[in-house]
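Reader: Before I plan around this model, I would like to go through it with you, beginning with how far it can be trusted.

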Amino acid sequence: NRHQVPPEQQADFHRSMLEDVERLDHLVDQVLDAGRVETAPGPTDFENIPLHDVLRDCAETICLRYRVDPSVVRMQLEPCFVRARRVDLDMIFRNLIDNAVKYAGSPPEVEVRLRQSDDNRAVVCVEDNGRGIPPAMRRKVFGRFVRLGKELQRDRPGTGLGLYIVRTVVGRMRGKVRALDRSQGE
């Protein structure tokens, strides 16, 4: 406000400020989600949710966030219903698909697969073409505030809470989550 700025520089400032607001909004959401996962749901909070719809919605949201074409996230989804809270499923799959898109290679390629196992469990695989997680870190990445790489060398923003939220909510639902090498399958 104190100085006259050319219109193109104003546009750059505006874009930068909007990106900062989005980043801070995402940070606040992550911190709130981390606090929420430690509160157990009541028995009446559960409903039959079409997991295939949740996955589509989460992928669409993430593609909008990163301004990538929706075709970046390919989906192979069998119809599958789970008894859960929608908010829990949103937290799980927003975080997993967000990480997949954020850390995918260039050009980004993400695949989300959903099938029902023989013992009537939902099996979801989220895979990307990124460089992957070193074997020694695959269990550790699910800890609170854990991020890979050196702090000053990171090129992607994050809080280190996303996979902690995923592990906590999936565990509360009596499920399992694992980070695998692409060659290991589901």
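Reader: What is the mean pLDDT of the chain?

Author: This is a predicted model, in which local features need pLDDT of at least 70, side-chain atom pairs count only at pLDDT 80 or more, and totals for chains, interfaces and linings use all residues. Residues are numbered from 1 along each chain as its sequence is written, and side-chain values use heavy atoms, with hydrogens and water left out. Since pLDDT is the predictor's confidence in each residue, from 0 to 100, it helps to know that 76% of the residues reach 70 or more; the mean for the chain is 82.

Reader: Which element of the chain has the highest confidence, and which the lowest?

Author: Helices (H or I, at least four residues) and strands (E, at least two) are DSSP runs, numbered from the N terminus. Strand β2, residues 73-77, is highest at 97, whereas the lowest mean, 71, belongs to helix α1, residues 7-36.

Reader: In what order do the elements run?

Author: The chain has four helices and five strands. Read from the N terminus, their order is α-β-α-β-β-α-β-β-α.

Reader: Is Cys58 buried or exposed?

Author: Buried means under 20% relative accessible area and exposed over 50%, with partly exposed in between (1.4 Å probe, protein chains only). Cys58 has a relative accessible area of 3%, so Cys58 is buried.

Reader: How many disulfides does the structure hold?

Author: A disulfide is counted when a pair of cysteine sulfur atoms lies within 2.5 Å. By that cut-off, the number of disulfides in the structure is zero.
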